[in-house]
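Colleague: I'm new to this, so could you walk me through the model and tell me how you know each thing?

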Amino acid sequence: MEISVILGDITKIKADAIVNAANTSLLGGGGVDGAIHRAGGKAILDDCVKIRNKQGGCAVGEAVITGAGELPAQYVIHAVGPVWKNGRSQEPELLQRAYSRCLDLAATHGIQVIAFPCISTGIYRFPKKEAAIIAVNTVRQHAYKPARVIFVCFDQESYAIYQALLGVQ
Ligand code: AR6
């Protein structure tokens with residue numbers, strides 16, 4: 001398993017699956033969620049609505065998978081991270097579970113290349129470094145080993161944090 005980090009827009013990544021930092025409604029929002037739905041078109045929302053009608057959205061710390069519409073990826077995995085409150089409301093455990101559920105779905109769908117954004121670190125205000133440590137540790141410790149995991153950072157600060165954690169220049 002190769003783990004890498006890039007600075008850029010996750011909607012441009014040609015992975016088997018890109019991960020979305022969604023919310024429990026699965027109906028879209030701002031941040032990376034807005035970018036993915038804008039770039040991918042209506043097909044992604046249609047798939048989300050079907051899942052919503054069947055299971056009533058997606059709980060915090062869980063993930064669901066849809067097609068990727070017009071995106072270069074094949075699938076979008078919509079993960080719901082926690083809103084940061086005070087760090088004592090199970091935020092770390094819930095963030096870890098969200099990453100882990102993405103890898104569970106990757107395993108069941110035979111996904112070999114998966115790209116993650118920095119879930120919960122934008123609108124949900126999870127501290128960037130703590131979130132990155134959880135993301136990297138969860139990927140390293142999960143039973144499923146895809147061929148390639150790409151952490152896609154959208155800001156220089158997150159990029160530097162992942163570079164340091166992964167020991168790359
Ligand atoms: N490519 C990669 N990363 C991005 C992109 C992009 N195009 N755009 C933003 N980011 P956020 P959250 C980064 O706020 O904190 C939505 O409204 C961003 O810089 O997108 O989990 C949802 O519907 C940050 O590092 O997600 C939820 O309601 C990271 O993606 C809520 O926001 C996550 O920031 C979820 O909040």
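Colleague: How do you know how many helices and strands the chain has?

Modeller: Helices are DSSP runs of H or I with at least four residues, strands are E runs of at least two, and both are numbered from the N terminus. By that definition the chain has 5 helices and 6 strands, in the order β-β-α-α-β-β-α-β-α-β-α. Keep in mind that this is a predicted model: local features need pLDDT of at least 70, side-chain atom pairs count only at pLDDT 80 or more, and totals for chains, interfaces and linings use all residues. Residues are numbered from 1 along each chain as its sequence is written, and side-chain values use heavy atoms, leaving out hydrogens and water.

Colleague: What makes the chain as compact as a globular protein of that length?

Modeller: The globule rule is 2.2 Å times the number of residues to the power 0.38, and the radius of gyration is taken over C-alpha atoms. For 169 residues the rule gives 15 Å and the chain has 14 Å, which is close, so the chain is as compact as a globular protein of that length.

Colleague: And what share of the residues is called buried?

Modeller: Buried means under 20% relative accessible area, with a 1.4 Å probe and protein chains only. Of the 169 residues, 49% are buried.

Colleague: Which residues does glycine 28 contact, neighbours within four places in sequence aside?

Modeller: Contact means heavy atoms within 4.5 Å. With those neighbours left out, glycine 28 touches Asn23, Asp33 and His37. Glycine 28 is in the loop between strand S2 (17-21) and helix H1 (31-40).

How values were computed
Buried < 20%, exposed > 50% of the residue type's maximum accessible area, 1.4 Å probe, protein only.
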